Structures are given as structure tokens and as C-alpha cells.
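This briefing looks at aromatic ring pairs and at one helix packing. Please view the structure below before reading on.

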Amino acid sequence: MFKPTRFVLDNGLELVVIEDHRRPVVAHFIYYRVGSMDEDPGKTGLAHFLEHLMFKGTANIEAGAFSSLVTKYGGRDNAFTSKDHTAYFQVVSSDNLGEMMEMEADRMTNLSFDDVIARSELAVVLEERLSRVENRPAGILYETLNAALYLSHPYRRPVIGWKPEVSALTRADAMKFYRTWYKPNNAIVVISGNVRPEDALALAKVSYGKIPSGPLPSKQIFHEPEHTSPRRVIHEDSRVRQSSLQRLYLAPAYNGQAREPYALDVLAEVLGGETGTIYKALVIKAKKALNATFWYDGSGRDFGSSGLYALPSPGISLDALEKEIQEVIEDLLQNGIVETEVEAAKNRLLAEAIFARDSLEGPARIVGNSLVNGSTIDDVEAWPERIQAVTKTEVDQAAKSLFRLERSATGWLIPKTASP
């Protein structure tokens, strides 16, 4: 699929190179195997807080200058935190790859900021939470709904953190987390673009290779209790103008062995989008929804995620819409997916895999996200073949396993009327 080359440095850092010599540019990603699920109880939002602070200077780069240096080299940079991992990346001309590696290696070991900077950045994080959650009724609903879906697993915690806990985070918390997890033997560097693997390896040895490995905590193994009852969340908000419905389902993740996630990707392709079964049944045929879709994401370390979303048509209650959705699902479970739809869905997925090769950042993200969550390069490369091998029977079985109400949480977002 991408034909990556993998190396492991003596200090345990993994290096993956995906050659693409069509443009004189590279995308340089570094993934750390730590995310919000690894935070201590009461410290939600810490992984994301540290992501912000990683741009606030080192012993060699002054506060706020990291991104300016990337821009100086004609590039751009950013970062992201998930439940499972944290990643930083730059897109620059290939002749500046060495500088990017040196800068990332520097902030892997020499992060430096004072309490004033930490408090200032904490205010930025809280403002981000305000704009993404508190100021968005849909954000509030999703956060609450996700918390309701999991009974005990740390996936129930928002990546950005619960506000009271985020407000209490300190510089000491961030530095402890940094010193615990940010080590070469807990990192994967993925480079996509105009560089030969042997040249990238030589640069990595000079920059990352000089950092000694260090002890890492044992990854906790979390067990989600058996779910026996569906959960329901209703969020009323005076800012809501259009009611909506969301439902989340517990779903398996890709782990390189199970076949069910491949079938779920095909199922999502059949059901989702404006050509999908859900949209056609609710919007076009029944005319009970203005929009409706279904999705599946199998990229988590422990669980994947799956869900559906719908907007009711004028005059249609959420209760009526939910009943219609359940009827569509029951029909699917009873009669199964149409064979021709399975084949068409597989063809679309395979076409998307081909198009992904044309992107510079896409291959690095796909490979990095897969490796950091437990898949192998062989799994990534075999994805098209395994999708092609998915059968109608496997898709039907995956649907029956997924669409269990006791393993779901349903949310209603509705306008709040003024009290009389």
C-alpha cells in the first residue's frame, strides 16, 4: 500500500520512512504512545495540556519560537492529542528534515518553561474547552454521551479534560507527565516524502539516536464491565434551534488479528453518507430526517467507536425518528446487507486507499496512527487485501454484534423552552 521501511534505533525509537519523490517536501511526524487514557485519576486534560506546553521552549529554543523556526524554514507545524497517543508534525522542504529532527529531539529531552508560562497556557486550554464544549450545545451532548457509553474505561473521559480538573493542573503535573512518557523508546517517527530510508536513518541517528532510553511505566490494562442496559442522555439548551439525535455504540478496534473491524469498515461504507442505507431510508424514503449518517472508526488502542446521527424533518419528533431508526436497523439485522452493496462499498474503500497514496501527510498519519495503537506495518500494507476479502456474511455478523442496544448510549439535543 505505502511500502514503508522500518528501523529501530539502539535506544528503542522506531523510525518509519515512506518514500515519495514527486515533490521536494517531507512530512515529519513523531508519535508518543501516551494519551488521555494514561492520565492519573483527577488529572484529566493533562496529556493535551502538555501538548500545548511542548511549544513553549527548551533550554535551546526560547518560549514560543519553535513554530517560528519551522516557518522560517518555509514549513508549517502542529500537534494533536487523542485518547491513545500524542503526535507532533512538521511539513518542510526535504533539505530541512535534519533541522526538524534536531528540534524534536531537543524538546523530547530539554523542555523548559516556568510557572507563568504554564498558567498562561492553561488559560488558553480553558478557552479552547469553552469554545469547543461549553459554548457548543452539541459539544456538551457529545461529551456527556461519550461518558455515558463507557461504564469504567478511561475512554469515558474527554481528551480536553473535565473543567474543574483542567483548572487545577500545574507546571509540576505537566513536567512529571513529560518525564514519565516522553522518551525515545516510547516514540515512533514517521517520515513521508522526498527522502531515502538510509538518509533518514542517518539523520535520525545523529539527532534522536543520542538520547538514551529510559524506564517506562507498565501500560495499564483496562476491562470494561459487561453492558446490560442502554443509556440515554437528554440535553436541553436555549441556544438549540434544531433538535438532533446521536447514538454511540461500543465497537472493536483494529488490532492486526480480528477480522471484524474490516467488516465494520465495509458496513459503515454501506450505511453512511448520502448514498448510504441510513440516509436513503430516513431522508429519501421515510422523509423523517433532513440528514442522517453512520460512521465507524477502528483506530483506538482498546476500543473503536461507532455511531449514528440524524436531524428530524419539520414536524417529526425525536421519539418518532428514533423509532424509525430502530426499524431500519431491525430490518438490516433480519434481512442482511445486499450483496451488491457490499461489493460496491469495498470498491469505494479500495479506491480511497489508492487516492491516499497521493497525499503527503496522509500516509504518515495512517501508518503512524496504526503503529502507535498496536497494528504492524504488515497490517497496514495488507489492509486493501483484507478489505477485499470481506464477505457479506462477515458484514451481517458484524452488524449483529454491533447493533446491540445494551451496548449503546443515545443522546437527544433539544431546545429549552422558557419557564412559564
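Which residues do ring pairs link into a cluster? Tyr32, Phe55, Phe66, Tyr88, Tyr178 and Tyr182 are the residues joined in this way. The model is predicted, with local features needing pLDDT of at least 70 and side-chain atom pairs counting only at pLDDT 80 or more, while totals for chains, interfaces and linings use all residues. Residues are numbered from 1 along each chain as its sequence is written, and side-chain values use heavy atoms, with hydrogens and water left out.

**Aromatic pairs**

- The whole structure holds 16 aromatic pairs (rings of Phe, Tyr and Trp, the last by its six-membered ring, with centres within 6.5 Å; planes under 30 degrees apart are stacked, over 60 edge-to-face, the rest tilted).
- Tyr31 and Phe80 form an edge-to-face pair, because their ring centres lie 6.1 Å apart with the planes at 75°.
- This pair connects Tyr31 in strand E3 (residues 25-32) with Phe80 in strand E4 (residues 76-81), 49 residues apart (strands being DSSP runs of E, at least two residues, and helices runs of H or I, at least four, numbered from the N terminus).
- Both Tyr31 and Phe80 are buried (under 20% relative accessible area, with a 1.4 Å probe and protein chains only).
- Tyr32 and Tyr182 are stacked, at 4.1 Å centre to centre and 25° between the planes.
- Tyr32 is buried at a relative accessible area of 0%, and Tyr182 is buried at 4%.

**Helix contact**

- Ile278, Ala281 and Leu282 in H10 meet Glu324, Ile325 and Val328 in H11 (heavy atoms within 4.5 Å).

Methods. Buried means under 20% relative accessible area, exposed over 50%, partly exposed in between (1.4 Å probe, protein chains only).
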